[in-house]
Amino acid sequence: MQQERAKPDPATFLGRGKVEMLAAACAEARVDVVIFDNELSPAQMRNLEDALDRAVVDRTQLILDIFARRARTREGKLQVELAQLKYLMPRLVGSSEALSRLGGGIGTRGPGETKLETDRRRIRHRLSVLSKEIETVRQRRSQLRERRHKSAVPTVALVGYTNAGKTTMFNSLTGGDAVASNALFVTLDPLVRRVKLPDRRELLVSDTVGFIDRLPHSLIAAFRATLEEVAEADLLLHVIDASAPERDRHMAAVAAVLSEVGAQRVPSVEVFNKCDRLEEGERARLTALYPGALCVSALSGQGRDEVIAAMETRLGLDTATITLEFDPHDAADRALLAELYRVARVHQHVATDERIMIEADLPRRLAAKFHKEGAIVAP
(Lines give C-alpha, C1' and ligand atoms only; values in the text may rest on other atoms or scores of the structure.)
Protein backbone atom coordinates (compact mmCIF):
# COMPACT_ATOMS: atom_id res chain seq x y z
CA MET A 1 0.00 0.00 0.00
CA GLN A 2 1.31 3.44 -0.95
CA GLN A 3 0.15 6.98 -0.29
CA GLU A 4 1.25 10.31 -1.73
CA ARG A 5 1.42 13.04 0.90
CA ALA A 6 3.27 16.32 1.26
CA LYS A 7 4.72 14.97 4.51
CA PRO A 8 4.08 11.91 6.74
CA ASP A 9 1.38 12.13 9.38
CA PRO A 10 3.21 12.74 12.69
CA ALA A 11 0.89 10.38 14.57
CA THR A 12 0.38 7.43 12.22
CA PHE A 13 2.72 8.08 9.24
CA LEU A 14 -0.20 7.31 6.88
CA GLY A 15 -3.35 9.41 6.87
CA ARG A 16 -6.27 8.38 9.07
CA GLY A 17 -8.35 7.10 6.14
CA LYS A 18 -5.42 5.12 4.75
CA VAL A 19 -4.83 3.52 8.15
CA GLU A 20 -8.46 2.40 8.24
CA MET A 21 -8.12 0.90 4.74
CA LEU A 22 -4.92 -0.86 5.83
CA ALA A 23 -6.63 -2.28 8.93
CA ALA A 24 -9.47 -3.65 6.79
CA ALA A 25 -7.01 -5.17 4.30
CA CYS A 26 -5.07 -6.81 7.16
CA ALA A 27 -8.25 -8.28 8.62
CA GLU A 28 -9.31 -9.61 5.22
CA ALA A 29 -5.93 -11.19 4.47
CA ARG A 30 -5.44 -12.34 8.10
CA VAL A 31 -1.87 -11.05 8.20
CA ASP A 32 0.21 -11.22 11.38
CA VAL A 33 2.85 -8.54 10.72
CA VAL A 34 2.75 -5.22 8.85
CA ILE A 35 6.12 -4.06 7.47
CA PHE A 36 6.75 -0.42 6.51
CA ASP A 37 9.49 0.35 3.99
CA ASN A 38 10.26 3.49 5.97
CA GLU A 39 11.64 4.37 9.37
CA LEU A 40 8.85 4.99 11.89
CA SER A 41 9.09 7.07 15.04
CA PRO A 42 8.32 5.34 18.36
CA ALA A 43 4.97 7.19 18.61
CA GLN A 44 3.98 6.27 15.05
CA MET A 45 4.79 2.61 15.68
CA ARG A 46 2.70 2.51 18.88
CA ASN A 47 -0.25 4.27 17.27
CA LEU A 48 -0.16 2.00 14.22
CA GLU A 49 -0.02 -1.15 16.36
CA ASP A 50 -3.06 0.09 18.30
CA ALA A 51 -4.97 1.00 15.11
CA LEU A 52 -4.10 -2.18 13.20
CA ASP A 53 -4.11 -4.54 16.20
CA ARG A 54 -1.06 -6.26 14.71
CA ALA A 55 2.69 -6.21 15.08
CA VAL A 56 4.30 -3.38 13.09
CA VAL A 57 7.89 -3.57 11.84
CA ASP A 58 9.67 -0.68 10.15
CA ARG A 59 12.54 -0.83 7.63
CA THR A 60 15.32 -0.43 10.19
CA GLN A 61 13.98 -3.13 12.52
CA LEU A 62 13.63 -5.58 9.60
CA ILE A 63 17.24 -4.98 8.50
CA LEU A 64 18.46 -5.38 12.08
CA ASP A 65 16.57 -8.67 12.40
CA ILE A 66 18.20 -9.98 9.20
CA PHE A 67 21.62 -8.86 10.48
CA ALA A 68 20.99 -10.63 13.80
CA ARG A 69 20.25 -13.91 11.97
CA ARG A 70 23.37 -13.59 9.81
CA ALA A 71 25.84 -12.72 12.59
CA ARG A 72 28.20 -15.61 13.25
CA THR A 73 31.39 -14.18 14.72
CA ARG A 74 31.77 -12.39 18.03
CA GLU A 75 32.58 -9.13 16.26
CA GLY A 76 29.51 -9.37 14.06
CA LYS A 77 27.26 -10.08 17.03
CA LEU A 78 28.71 -7.12 18.95
CA GLN A 79 28.07 -4.75 16.05
CA VAL A 80 24.50 -5.98 15.53
CA GLU A 81 23.69 -5.80 19.25
CA LEU A 82 25.00 -2.23 19.42
CA ALA A 83 22.78 -1.18 16.50
CA GLN A 84 19.77 -2.98 17.99
CA LEU A 85 20.14 -1.31 21.38
CA LYS A 86 20.50 2.13 19.81
CA TYR A 87 17.31 1.43 17.88
CA LEU A 88 15.49 0.08 20.96
CA MET A 89 16.48 2.83 23.40
CA PRO A 90 13.92 5.51 22.34
CA ARG A 91 11.24 2.85 21.76
CA LEU A 92 10.99 1.51 25.28
CA VAL A 93 7.49 1.81 26.69
CA GLY A 94 6.59 1.87 30.39
CA SER A 95 4.41 -0.87 31.83
CA SER A 96 2.41 1.15 34.38
CA GLU A 97 3.16 1.91 38.01
CA ALA A 98 2.60 -1.74 38.93
CA LEU A 99 6.15 -2.45 37.81
CA SER A 100 7.69 0.44 39.74
CA ARG A 101 10.02 -0.17 42.65
CA LEU A 102 9.47 1.53 45.98
CA GLY A 103 12.39 3.49 47.32
CA GLY A 104 14.01 2.01 50.41
CA GLY A 105 14.28 3.85 53.70
CA ILE A 106 12.05 5.53 56.27
CA GLY A 107 9.49 8.03 55.00
CA THR A 108 9.36 6.78 51.43
CA ARG A 109 6.46 8.31 49.50
CA GLY A 110 5.04 6.95 46.26
CA PRO A 111 6.69 4.92 43.54
CA GLY A 112 10.42 4.98 43.20
CA GLU A 113 12.40 3.96 40.12
CA THR A 114 10.06 2.64 37.43
CA LYS A 115 10.86 -0.43 35.37
CA LEU A 116 11.17 1.80 32.29
CA GLU A 117 13.94 3.78 33.97
CA THR A 118 15.63 0.55 35.08
CA ASP A 119 15.57 -0.83 31.54
CA ARG A 120 16.98 2.40 30.14
CA ARG A 121 19.77 2.40 32.70
CA ARG A 122 20.68 -1.21 31.83
CA ILE A 123 20.66 -0.45 28.11
CA ARG A 124 22.88 2.62 28.64
CA HIS A 125 25.32 0.46 30.60
CA ARG A 126 25.29 -2.24 27.91
CA LEU A 127 25.81 0.39 25.20
CA SER A 128 28.84 1.66 27.06
CA VAL A 129 30.29 -1.86 27.35
CA LEU A 130 29.65 -2.64 23.67
CA SER A 131 31.15 0.66 22.52
CA LYS A 132 34.36 -0.09 24.44
CA GLU A 133 34.58 -3.63 23.02
CA ILE A 134 34.00 -2.41 19.46
CA GLU A 135 36.63 0.30 19.97
CA THR A 136 39.04 -2.50 20.91
CA VAL A 137 38.05 -4.29 17.68
CA ARG A 138 38.61 -1.07 15.72
CA GLN A 139 42.07 -0.62 17.21
CA ARG A 140 42.98 -4.23 16.45
CA ARG A 141 41.85 -3.83 12.85
CA SER A 142 43.83 -0.61 12.63
CA GLN A 143 46.95 -2.42 13.83
CA LEU A 144 46.43 -5.21 11.28
CA ARG A 145 46.03 -2.64 8.50
CA GLU A 146 49.19 -0.87 9.65
CA ARG A 147 51.03 -4.20 9.57
CA ARG A 148 49.78 -4.83 6.04
CA HIS A 149 50.88 -1.35 4.96
CA LYS A 150 54.34 -1.97 6.40
CA SER A 151 54.58 -5.22 4.46
CA ALA A 152 53.70 -3.15 1.36
CA VAL A 153 51.04 -5.60 0.15
CA PRO A 154 48.28 -3.64 -1.65
CA THR A 155 44.70 -4.25 -0.52
CA VAL A 156 41.64 -4.54 -2.77
CA ALA A 157 38.19 -4.31 -1.17
CA LEU A 158 35.05 -5.75 -2.75
CA VAL A 159 32.09 -3.41 -2.29
CA GLY A 160 28.60 -3.42 -3.68
CA TYR A 161 24.89 -3.73 -3.05
CA THR A 162 23.79 -6.68 -0.99
CA ASN A 163 23.33 -9.90 -3.00
CA ALA A 164 25.37 -8.56 -5.95
CA GLY A 165 27.68 -11.59 -5.80
CA LYS A 166 30.66 -10.15 -3.89
CA THR A 167 31.38 -13.32 -1.90
CA THR A 168 31.16 -15.48 -5.03
CA MET A 169 33.59 -13.08 -6.70
CA PHE A 170 35.81 -13.25 -3.60
CA ASN A 171 35.87 -17.06 -3.79
CA SER A 172 36.60 -16.95 -7.52
CA LEU A 173 39.58 -14.61 -7.07
CA THR A 174 41.09 -16.20 -3.97
CA GLY A 175 40.10 -19.85 -4.34
CA GLY A 176 38.41 -19.56 -0.96
CA ASP A 177 35.26 -21.23 0.33
CA ALA A 178 33.49 -18.36 2.09
CA VAL A 179 29.74 -18.91 2.54
CA ALA A 180 27.87 -17.44 -0.44
CA SER A 181 24.11 -17.53 -0.79
CA ASN A 182 21.35 -15.90 -2.82
CA ALA A 183 20.21 -13.89 0.20
CA LEU A 184 20.60 -10.49 1.81
CA PHE A 185 23.53 -9.65 4.10
CA VAL A 186 25.16 -13.08 4.18
CA THR A 187 28.57 -11.47 4.84
CA LEU A 188 28.83 -9.24 7.91
CA ASP A 189 32.53 -9.55 8.80
CA PRO A 190 35.27 -8.69 6.32
CA LEU A 191 37.27 -11.66 5.05
CA VAL A 192 40.85 -11.08 3.84
CA ARG A 193 42.76 -13.51 1.59
CA ARG A 194 45.90 -13.36 -0.56
CA VAL A 195 45.81 -13.44 -4.36
CA LYS A 196 48.88 -14.22 -6.46
CA LEU A 197 49.17 -12.28 -9.70
CA PRO A 198 50.54 -13.92 -12.86
CA ASP A 199 53.90 -12.18 -12.34
CA ARG A 200 54.12 -13.75 -8.83
CA ARG A 201 53.35 -10.54 -6.99
CA GLU A 202 50.75 -10.72 -4.20
CA LEU A 203 47.84 -8.59 -3.10
CA LEU A 204 45.13 -8.88 -0.46
CA VAL A 205 41.43 -9.03 -1.34
CA SER A 206 38.80 -8.36 1.33
CA ASP A 207 35.08 -9.12 1.19
CA THR A 208 32.87 -6.61 3.03
CA VAL A 209 29.30 -6.21 4.25
CA GLY A 210 26.77 -5.52 1.50
CA PHE A 211 25.24 -2.07 1.20
CA ILE A 212 21.58 -1.22 0.78
CA ASP A 213 19.55 1.82 -0.20
CA ARG A 214 18.88 4.07 2.82
CA LEU A 215 21.19 2.07 5.07
CA PRO A 216 20.23 3.00 8.67
CA HIS A 217 22.69 5.40 10.31
CA SER A 218 22.80 3.22 13.43
CA LEU A 219 24.18 0.38 11.29
CA ILE A 220 26.80 2.60 9.67
CA ALA A 221 27.90 3.73 13.13
CA ALA A 222 27.96 0.18 14.52
CA PHE A 223 29.83 -1.22 11.51
CA ARG A 224 32.29 1.67 11.22
CA ALA A 225 35.13 -0.59 12.42
CA THR A 226 34.34 -2.91 9.52
CA LEU A 227 33.74 -0.18 6.94
CA GLU A 228 37.11 1.38 7.73
CA GLU A 229 38.58 -1.55 5.78
CA VAL A 230 36.97 -0.04 2.69
CA ALA A 231 38.23 3.49 3.32
CA GLU A 232 41.81 2.27 3.87
CA ALA A 233 41.97 0.02 0.78
CA ASP A 234 44.25 0.80 -2.17
CA LEU A 235 41.56 -0.14 -4.71
CA LEU A 236 37.83 -0.87 -4.68
CA LEU A 237 36.11 -3.43 -6.86
CA HIS A 238 32.53 -2.22 -7.13
CA VAL A 239 30.58 -5.43 -7.83
CA ILE A 240 27.24 -4.68 -9.51
CA ASP A 241 24.40 -7.08 -10.26
CA ALA A 242 24.04 -6.45 -14.00
CA SER A 243 20.72 -8.33 -14.10
CA ALA A 244 19.04 -6.33 -11.32
CA PRO A 245 16.01 -4.32 -12.52
CA GLU A 246 17.03 -1.34 -10.32
CA ARG A 247 20.73 -1.52 -11.13
CA ASP A 248 21.25 2.26 -11.35
CA ARG A 249 19.58 2.87 -7.99
CA HIS A 250 21.78 0.21 -6.40
CA MET A 251 24.90 1.88 -7.81
CA ALA A 252 23.79 5.26 -6.44
CA ALA A 253 23.13 3.71 -3.01
CA VAL A 254 26.65 2.24 -2.90
CA ALA A 255 28.16 5.59 -3.89
CA ALA A 256 26.22 7.30 -1.08
CA VAL A 257 27.48 4.83 1.57
CA LEU A 258 31.08 5.07 0.30
CA SER A 259 30.86 8.85 0.60
CA GLU A 260 29.50 8.57 4.13
CA VAL A 261 32.39 6.37 5.31
CA GLY A 262 35.03 8.52 3.59
CA ALA A 263 35.92 6.06 0.80
CA GLN A 264 34.82 8.15 -2.19
CA ARG A 265 38.45 9.08 -2.99
CA VAL A 266 39.68 5.49 -3.21
CA PRO A 267 40.15 4.49 -6.89
CA SER A 268 37.60 1.94 -8.03
CA VAL A 269 36.85 -0.47 -10.87
CA GLU A 270 33.24 -1.22 -11.82
CA VAL A 271 32.62 -4.94 -12.26
CA PHE A 272 29.22 -5.95 -13.64
CA ASN A 273 28.50 -9.43 -12.32
CA LYS A 274 25.91 -11.98 -13.49
CA CYS A 275 26.40 -10.90 -17.13
CA ASP A 276 25.60 -14.47 -18.20
CA ARG A 277 21.95 -13.60 -17.50
CA LEU A 278 21.96 -10.72 -20.00
CA GLU A 279 21.07 -10.91 -23.68
CA GLU A 280 23.74 -9.87 -26.18
CA GLY A 281 22.01 -6.57 -26.96
CA GLU A 282 21.74 -5.56 -23.29
CA ARG A 283 25.33 -6.59 -22.69
CA ALA A 284 26.54 -4.42 -25.59
CA ARG A 285 24.49 -1.47 -24.32
CA LEU A 286 25.99 -1.89 -20.85
CA THR A 287 29.52 -1.93 -22.25
CA ALA A 288 28.78 1.23 -24.25
CA LEU A 289 27.27 3.02 -21.25
CA TYR A 290 30.18 2.20 -18.92
CA PRO A 291 33.44 2.13 -20.91
CA GLY A 292 36.23 0.64 -18.86
CA ALA A 293 33.87 -1.47 -16.75
CA LEU A 294 34.16 -5.27 -16.74
CA CYS A 295 31.36 -7.67 -17.60
CA VAL A 296 31.84 -10.99 -15.80
CA SER A 297 30.16 -13.97 -14.18
CA ALA A 298 31.69 -14.85 -10.83
CA LEU A 299 29.67 -18.06 -10.59
CA SER A 300 31.02 -19.54 -13.82
CA GLY A 301 34.45 -17.89 -13.57
CA GLN A 302 33.93 -15.96 -16.80
CA GLY A 303 36.03 -12.78 -16.78
CA ARG A 304 38.20 -13.74 -13.79
CA ASP A 305 41.44 -13.11 -15.69
CA GLU A 306 40.16 -9.70 -16.81
CA VAL A 307 39.42 -8.74 -13.20
CA ILE A 308 42.91 -9.77 -12.08
CA ALA A 309 44.45 -7.86 -15.01
CA ALA A 310 42.40 -4.76 -14.09
CA MET A 311 43.56 -4.95 -10.46
CA GLU A 312 47.15 -5.36 -11.60
CA THR A 313 46.90 -2.40 -13.97
CA ARG A 314 45.19 -0.01 -11.54
CA LEU A 315 47.56 -0.87 -8.72
CA GLY A 316 50.53 -0.47 -11.04
CA LEU A 317 49.71 3.04 -12.22
CA ASP A 318 52.05 4.58 -9.64
CA THR A 319 55.12 2.47 -10.47
CA ALA A 320 58.58 3.62 -11.52
CA THR A 321 61.29 1.59 -13.25
CA ILE A 322 64.38 1.46 -11.02
CA THR A 323 67.65 -0.43 -10.81
CA LEU A 324 68.90 -1.76 -7.48
CA GLU A 325 72.10 -3.40 -6.34
CA PHE A 326 72.26 -6.01 -3.59
CA ASP A 327 75.04 -7.87 -1.77
CA PRO A 328 74.32 -11.63 -2.01
CA HIS A 329 76.41 -12.27 1.13
CA ASP A 330 74.39 -9.86 3.29
CA ALA A 331 71.37 -11.45 5.04
CA ALA A 332 69.51 -8.11 5.17
CA ASP A 333 70.01 -7.60 1.43
CA ARG A 334 68.79 -11.12 0.70
CA ALA A 335 65.62 -10.44 2.72
CA LEU A 336 65.13 -7.15 0.88
CA LEU A 337 65.59 -8.92 -2.45
CA ALA A 338 62.88 -11.44 -1.53
CA GLU A 339 60.53 -8.60 -0.62
CA LEU A 340 61.31 -6.84 -3.91
CA TYR A 341 60.18 -9.93 -5.83
CA ARG A 342 56.96 -9.94 -3.82
CA VAL A 343 55.95 -6.30 -4.41
CA ALA A 344 57.58 -5.40 -7.75
CA ARG A 345 57.65 -6.65 -11.32
CA VAL A 346 61.23 -7.70 -12.08
CA HIS A 347 62.43 -7.15 -15.68
CA GLN A 348 66.08 -8.09 -15.36
CA HIS A 349 68.15 -10.03 -12.82
CA VAL A 350 71.94 -10.07 -13.24
CA ALA A 351 73.94 -11.93 -10.58
CA THR A 352 77.68 -12.20 -10.00
CA ASP A 353 79.76 -13.40 -7.07
CA GLU A 354 79.94 -9.92 -5.58
CA ARG A 355 76.61 -8.27 -6.41
CA ILE A 356 73.08 -8.69 -7.78
CA MET A 357 71.64 -6.09 -10.14
CA ILE A 358 67.85 -5.91 -10.42
CA GLU A 359 65.78 -3.80 -12.81
CA ALA A 360 62.14 -3.67 -11.75
CA ASP A 361 58.87 -1.70 -11.77
CA LEU A 362 58.38 -0.67 -8.15
CA PRO A 363 55.39 1.22 -6.64
CA ARG A 364 56.50 4.79 -5.98
CA ARG A 365 55.22 4.66 -2.41
CA LEU A 366 57.83 1.96 -1.68
CA ALA A 367 60.77 3.59 -3.43
CA ALA A 368 61.81 5.48 -0.31
CA LYS A 369 61.99 2.25 1.70
CA PHE A 370 64.27 0.52 -0.82
CA HIS A 371 66.34 3.68 -1.22
CA LYS A 372 66.90 3.69 2.53
CA GLU A 373 67.66 -0.02 2.94
CA GLY A 374 69.16 -0.84 -0.46
CA ALA A 375 71.18 1.00 -3.06
CA ILE A 376 69.16 2.48 -5.90
CA VAL A 377 71.64 2.78 -8.73
CA ALA A 378 69.49 4.55 -11.33
CA PRO A 379 65.83 5.57 -11.59
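**Exercise 1.** Is isoleucine 66 buried or exposed?

*Solution.* The model is a predicted one, and the first step is to place the residue, which is found in helix 3, spanning residues 59–70. The next step is to take its relative accessible area, which is 18%. Since buried means under 20% relative accessible area, isoleucine 66 counts as buried. As a last step, one may relate this residue to valine 80, which is 14 residues apart from isoleucine 66 along the chain, with 9.8 Å between the two C-alpha atoms.

**Exercise 2.** Determine whether glutamate 4 is buried or exposed, and where it lies.

*Solution.* Glutamate 4 belongs to the segment before helix 1, the helix of residues 16–29. Its relative accessibility is 82%, and because exposed means over 50%, glutamate 4 counts as exposed. In space, the C-alpha atom of glutamate 4 is 9.8 Å from that of glycine 15, a residue 11 positions apart from it in sequence.

**Exercise 3.** Describe the open sheet, and work out how strand 5 is placed within it.

*Solution.* Begin with the order of the 6 strands, which is 4-5-3-6-7-8, with mixed pairing. Strand 4 (191–196) and strand 8 are the edge strands, each of them pairing on one side only.

Strands of a sheet pair through backbone hydrogen bonds, in either the parallel or the antiparallel sense. Turning to strand 5 (residues 202–207), one finds that it pairs with strand 3 (residues 155–160) in the parallel sense over 4 bridges, and that aspartate 207 of strand 5 is the bridge partner of leucine 158. With strand 4, strand 5 pairs in the antiparallel sense over 6 bridges, and there valine 205 of strand 5 has arginine 193 standing opposite.

The final step concerns burial. In a regular strand the side chains alternate between the two faces of the sheet. On one side of strand 5 lie Glu202, Leu204 and Ser206, on the other Leu203, Val205 and Asp207, and all are buried, so that both faces are covered. Because 6 of the 6 residues of strand 5 are buried, the strand is largely enclosed by the rest of the structure.

**Exercise 4.** How many aromatic pairs does the structure hold, and which geometry does each pair have?

*Solution.* The count is 2 aromatic pairs. In the pair of phenylalanine 13 and phenylalanine 36, the ring centres are 6.1 Å apart and the planes stand at 90°, so this pair is edge-to-face. Phenylalanine 13 lies in the segment before helix 1, whereas phenylalanine 36 lies in the loop between strand 1 (33–35) and helix 2 (42–52), so the pair ties together parts that are 23 residues apart in sequence. Both phenylalanine 13 and phenylalanine 36 are buried.

In the pair of phenylalanine 272 and tyrosine 290, the ring centres are 5.1 Å apart and the planes stand at 45°, so this pair is tilted. Here too distant parts of the chain are linked, for phenylalanine 272 is in strand 7 and tyrosine 290, 18 residues apart from it, is in the loop between helix 10 and strand 8. With a relative accessible area of 2%, phenylalanine 272 is buried.

**Exercise 5.** Which cysteines form a disulfide, and what is its handedness?

*Solution.* The count comes to 1 disulfide, and it joins cysteine 275 to cysteine 295, with an S to S distance of 2.1 Å. The torsion about the S-S bond is about -95°, so the disulfide is left-handed. The two cysteines are 20 residues apart and link distant parts of the chain, cysteine 275 being in the loop between strand 7 (268–273) and helix 10 (280–289) and cysteine 295 in strand 8 (residues 294–295). Cysteine 275 counts as buried, at 1% relative accessibility.

**Exercise 6.** Characterise the second largest pocket by its volume and its lining.

*Solution.* The space in the second largest pocket amounts to about 340 Å³. Its lining consists of 13 residues, and those that lie nearest the centre are Met1, Gln2, Phe13, Leu14 and Asn38. Sorted by character, the lining residues comprise 8 nonpolar, 3 polar and 2 charged.

How values were computed:
Residues are numbered from 1 along each chain as its sequence is written. This is a predicted model: local features need pLDDT of at least 70, side-chain atom pairs count only at pLDDT 80 or more; totals for chains, interfaces and linings use all residues. Side-chain values use heavy atoms; hydrogens and water are left out. On a 1 Å grid over the protein atoms alone, a cavity is a set of points where a 1.4 Å probe fits but cannot get out, and a pocket is an open set with protein on both sides within 12 Å along at least five of seven lines; lining residues have an atom within 4 Å of a point. Grid points are joined across faces, edges and corners, and a volume is the space filled by probe spheres set on the points. Ala, Val, Leu, Ile, Met, Phe, Trp, Tyr, Cys and Pro count as nonpolar, Asp, Glu, Lys and Arg as charged, and the others, Gly among them, as polar. Buried means under 20% relative accessible area, exposed over 50%, partly exposed in between (1.4 Å probe, protein chains only). A disulfide is a pair of cysteine sulfur atoms within 2.5 Å. Two strands pair if DSSP finds at least two bridges between them. Rings of Phe, Tyr and Trp (its six-membered ring) pair if their centres lie within 6.5 Å; planes under 30 degrees apart count as stacked, over 60 as edge-to-face and the rest as tilted.
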